[in-house]
Amino acid sequence: MSFELSLAPVKGITERLYRDAFMGNFPGFDKVYAPFISGVNYAKVNLSKFSDVIPAGNLPYETIPQVVSIDADEIVAVCNVLSNYGYTQVNWNLGCPFAQLAEKMKGCGILPYPEKIRTILDRVIPRLKVKLSVKTRLGYYDCYELEPVIEIFNHYPLAGIILHARTGKQLYSGHANPERFLEYYRLSKHPMTYNGDIIHDDKFLGLKQQLPEVTSWMIGRGALIDPFLPGRLKGRLIADDEKRFRLKKFHDQLFEGIRSKGFPEQKTLGQMKAFWHYQAGIFSGGREFFKQLKKIQDSQSYLNFVNEMMAHPFALQPEIEEYWSTAFNKVYSPQSP
């Protein structure tokens with residue numbers, strides 16, 4: 001059975017430079033979701049808020065922008081701007097678990113209030129020029145909160161639902177709950193994409209056996225650690241020498257793109273360290289590499305270290321799973337001057 005793979009949006013990581021470099025060097029993904037747009041004044045739209053996704057250009061891959069808001073007018077304004085720039089679908093983020101959003105009822109913080117979601121959809125759907133999809137979680141406090149929300153979704157012409165099989169309070173810790181996902185999958189009248197804990201090949205194969213009806217999958221941190229994972233899942237095997245070449249090309253494209261923005265050296269290095277918080281896991285001993293990398297304070301030392309790291313053996317699946325389980329309860333976000 002054929003299946004679709006998409007790259008999850010990760011705020012602060014999968015921005016335009018990252019997406020372009022990733023999709024230009026690694027096979028497997030059919031589409032990518034851009035990190036959310038927020039804080040748009042619908043009365044006077046500032047296009048700088050859309051800089052990550054416009055101009056859309058003639059991209060060789062499908063990009064779906066995302067909006068996070070509980071203001072119907074703001075959601076419509078964002079969607080209409082994106083429609084004007086050629087986008088045909090926008091994703092509504094009802095899944096972000098971080099407290100600064102969730103405590104304001106944004107992201108997954110709105111899931112305990114299904115009638116609020118209904119009210120927003122009533123005001124948004126008739127005014128849209130694009131299709132609207134949703135990315136969400138099992139709930140905010142517990143995994144049963146989504147049931148009345150799914151029943152509400154069933155009454156609207158959504159393009160699809162992406163379901164991260166965790167609660168908001170879990171953040172990225174613990175295990176995903178594919179059993180509960182399957183219950184919602186069968187309750188939903190809309191196409192549903194599975195997201196959560198696709199760490200490596202065996203994990204994906206196990207999920208496919210557990211969820212045989214699912215044909216759409218989203219990978220986030222697993223692909224940020226091992227960008228060859230999506231290609232392997234689609235049968236695209238790449239020799240180690242070619243892997244190193246592509247990794248180096250990917251890194252250099254990203255580094256030079258960030259540096260070309262004219263940031264202070266420490267901010268550029270901070271962004272690259274956030275990138276390596278994930279990417280270091282592709283190498284055996286990745287945690288130790290990242291510890292050393294965090295201490296580096298100048299670009300030349302950084303590039304020398306990266307060149308050394310690129311020659312190191314690749315991690316095996318158990319090492320990747322260990323790296324995952326110890327590194328990702330929260331997102332690394334280095335302080336920049």
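Q: In this predicted model, with which side chain does the side chain of Q89 make a polar contact?

A: The partner is the side chain of S133, at 2.7 Å. Q89 itself belongs to strand β4.

Q: Is Q89 buried or exposed?

A: Burial is read from relative accessible area, with under 20% counted as buried. Q89 has a value of 13%, and is therefore buried. Beyond its neighbours within four places in sequence, Q89 is in contact with several residues, including Y33, I64, P65 and A159.

Q: How should the helix α2 be read, and how many of its 13 residues are buried?

A: In general, an α-helix has 3.6 residues a turn, so residues three or four places apart point the same way. In this structure, eleven of the 13 residues of α2 are buried, leaving the helix mostly covered. Among them are D73, E74, I75, V78 and L82. The cover over these buried residues includes strands β2, β3, β4 and β5 as well as α4. From first C-alpha to last, α2 reaches 18 Å, close to the 18 Å expected.

Q: Which residue caps the N-terminal end of α2?

A: D71 does so, with a side-chain oxygen 2.9 Å from the backbone nitrogen of D73. Just after the helix, G86 adopts a positive phi of about 100°.

Q: Where does Y85 lie, and which residues form a nonpolar surface patch with Y85?

A: Y85 is in the loop between α2 and β4. Partly exposed covers the range between the buried limit of 20% and the exposed limit of 50%; Y85, at 35%, is therefore partly exposed. V45 and L47 join Y85 in the patch, which has about 230 Å² of accessible area together.

Conventions. Residues numbered from 1 in each chain as written. Predicted model: local features only at pLDDT ≥ 70, side-chain atom pairs only at ≥ 80, totals over all residues. Heavy atoms only, no water. Patch = residues over 30% accessible without salt bridge, like charges linked within 9 Å, V, L, I, M, F, W, Y side chains within 5 Å. Areas by Shrake-Rupley, 256 points an atom, 1.4 Å probe, with all protein chains shown as cover. Salt bridge = Lys/Arg side-chain N within 4 Å of Asp/Glu carboxyl O. Helix = DSSP H or I, 4+ residues; strand = E, 2+ residues; numbered from the N terminus. Buried < 20%, exposed > 50% of the residue type's maximum accessible area, 1.4 Å probe, protein only. Expected span 1.5 Å × (residues − 1). Contact = heavy atoms within 4.5 Å. Polar contact = N/O pair within 3.5 Å; in protein donor to acceptor, adjacent residues only side chain to side chain.
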